[in-house]
Amino acid sequence: MAPGDERRCCSPHASGQCIGDDHLRRTDVRMSVLTSEWLKIRSVRSTQLILGLGLGTVLLGFALAVMAAGMYDAAPTEKQPGARIADLEEVLVIVPQLCLGILGTLAITSEYATGLIRTSATMVPRRWPIVAAKAAIVGALGLAVGLLTTFGTYIVSRGVLGDRFSGAYAGAFSDRLPFLIALSLTVPAFALLGLGLGALLRSTAGAIAIIVGLVYVIPMVIGNIPEPWSERLGSVMIGALPRQLIGGSNASSVYGSLLPPALAAVCLVAYAAVPLLAAMWLIRRKDI
């Protein structure tokens, strides 16, 4: 026996080969956990429903664009030059944000509700890879939905509105591209935020309440706080980050614009990473 062979542990694989290297065995375990979590998330009926609602944002954007175009065409000619419209992809991004935030929450809280998390913890004693695998899956789903809904809403709105509203959608696509990408990134951030909050609180209602608060309630409260705190706090809200990521301004909204692009990127990552890291730490130390 060659030196070191006694430390090798071979186990039969599906192909009939043996995996004896520790690194390969760890990789095999990680892939098994990832596959298991994907099968669990995919098999839940609510996953298809939530993803469908999120992707339905494109249809909603199309309907709003058609309605806006009709109102513009029906307006007196002298009033048309002064007509303005908000960026529909920015207005409607809250739909996939909420949907993926809820999906991330249910990915973990449903297992606590059914007790399946105990089985998962038995199969993966270190526990934190369970959260990491769920994060990889919901993050990938969030990124896909974010890109599809944001770009899809922009494309249908551009096609319907044309040069109406003083050419709001008539500019070069390359000029809008950085903002569309930045806006898309907020959707996986919400998905990971929901997962982290769900793992920390172990409560579907509690985690979703916080997510809804970040989208609706807190921005309205901050908008009514006296300056300069309204501007300061409004700049770190997740809804304020896309325009700051590209060096833009939120002057026409309740949000602030104090962060440079680098700090806005750090803030967006923190929304997703901090709850997740806290959840990974907690799940290793707290009884399930």
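Buried, on this tour, means under 20% relative accessible area, and partly exposed means between that and exposed, which is over 50%. Keep those words in mind as you click through this predicted model.

**Stop 1: a pair of rings**

Select tyrosine 72. At 14% relative accessibility, tyrosine 72 falls under the 20% limit and so counts as buried. The structure holds four aromatic pairs, and one of them joins tyrosine 72 to phenylalanine 165, with 4.9 Å from centre to centre and 50° between the planes, a tilted arrangement. Where do tyrosine 72 and phenylalanine 165 lie? Tyrosine 72 is in helix H3 (residues 57-74) and phenylalanine 165 is in helix H8 (residues 164-167), so the pair ties together parts that are 93 residues apart in sequence. Phenylalanine 165 is buried as well, at 8% relative accessibility.

**Stop 2: an aromatic cluster**

Next, select tyrosine 154 and phenylalanine 173. Their ring centres are 5.8 Å apart and their planes meet at 40°, so this pair is tilted too. Here the link runs between distant parts of the chain, from tyrosine 154 in helix H7 (residues 128-161) to phenylalanine 173 in helix H9 (residues 173-201), 19 residues apart. Is each of them buried or partly exposed? Tyrosine 154 is buried at 2% relative accessibility, whereas phenylalanine 173, at 36%, is partly exposed.

Now add Phe151 and Tyr169 to your selection: together with Tyr154 and Phe173 they form one aromatic cluster.

**Stop 3: charges over rings**

Stay with tyrosine 169 and bring in arginine 176. The charged end of arginine 176 sits over the tyrosine 169 ring, 5.1 Å from the ring centre. For another such arrangement, select tryptophan 229 and arginine 232: the arginine lies over the face of the tryptophan, at 4.9 Å from the ring centre.

**Stop 4: salt bridges**

Side chains of opposite charge can pair when their charged atoms come close. How many salt bridges does a search of the whole structure find? The search finds nine.

Start with arginine 164 and aspartate 73, whose side chains meet in a salt bridge with an N to O distance of 3.0 Å. This pair links distant parts of the chain, with arginine 164 in helix H8 and aspartate 73 in helix H3, 91 residues apart. Arginine 164 is partly exposed at 22% relative accessibility, and aspartate 73 is partly exposed with a relative accessible area of 44%.

Go back to arginine 176, which also forms a salt bridge with glutamate 89; their closest N and O atoms are 2.5 Å apart. Arginine 176 belongs to helix H9 and glutamate 89 to helix H4 (residues 88-92), 87 residues apart, so you are again looking at a link between distant parts of the chain. Both arginine 176 and glutamate 89 are buried.

Then select arginine 243 and glutamate 90. They form a salt bridge in which the closest N and O atoms are 2.7 Å apart. This one links distant parts of the chain as well: arginine 243 is in helix H12 (residues 241-245) and glutamate 90 is in helix H4, 153 residues apart. Glutamate 90 is partly exposed, with a relative accessible area of 24%.

To view the wider picture, select Asp87, Glu89, Glu90, Arg176 and Arg243 together: they are linked in a network of salt bridges.

**Stop 5: the nonpolar cores**

Which residues of the largest nonpolar core touch the most other members? Select Leu100, Val138, Leu141 and Leu195, which do so among its 33 residues. The elements giving two or more residues to this core are helix H1 (22-43), helix H2 (45-55), helix H5 (94-114), H7, H9 and helix H13 (261-285). H7 supplies the largest share, eight residues.

Zoom in on valine 138. Leaving aside residues up to four places away in sequence, valine 138 touches Ile41, Gly104, Ala107, Ala191, Leu192 and Leu195. Apart from the largest core lies another, of 20 residues, among them Ala207, Ile238, Ala240 and Ala264.

**Stop 6: spans from the record**

Finish by colouring the stretches that an unreviewed UniProt entry lists as "transmembrane region": residues 49-72, 92-114, 135-157, 177-200, 207-225 and 262-283. In the model, residues 207-225 are 89% helix and 0% strand, and the end C-alpha atoms of that span lie 25 Å apart. Residues 262-283 are 100% helix and 0% strand, with end C-alpha atoms 31 Å apart.

Conventions
Residues numbered from 1 in each chain as written. Predicted model: local features only at pLDDT ≥ 70, side-chain atom pairs only at ≥ 80, totals over all residues. Heavy atoms only, no water. Phe/Tyr/Trp six-rings, centres within 6.5 Å; stacked < 30°, edge-to-face > 60°. Helix = DSSP H or I, 4+ residues; strand = E, 2+ residues; numbered from the N terminus. Buried < 20%, exposed > 50% of the residue type's maximum accessible area, 1.4 Å probe, protein only. Lys NZ or Arg CZ within 6 Å of the ring centre and 35° of its normal. Salt bridge = Lys/Arg side-chain N within 4 Å of Asp/Glu carboxyl O. Core = buried A, V, L, I, M, F, W, Y, C linked by side-chain atoms within 4.5 Å. Contact = heavy atoms within 4.5 Å. UniProt positions renumbered as here; feature names shortened; annotations may be inferred.
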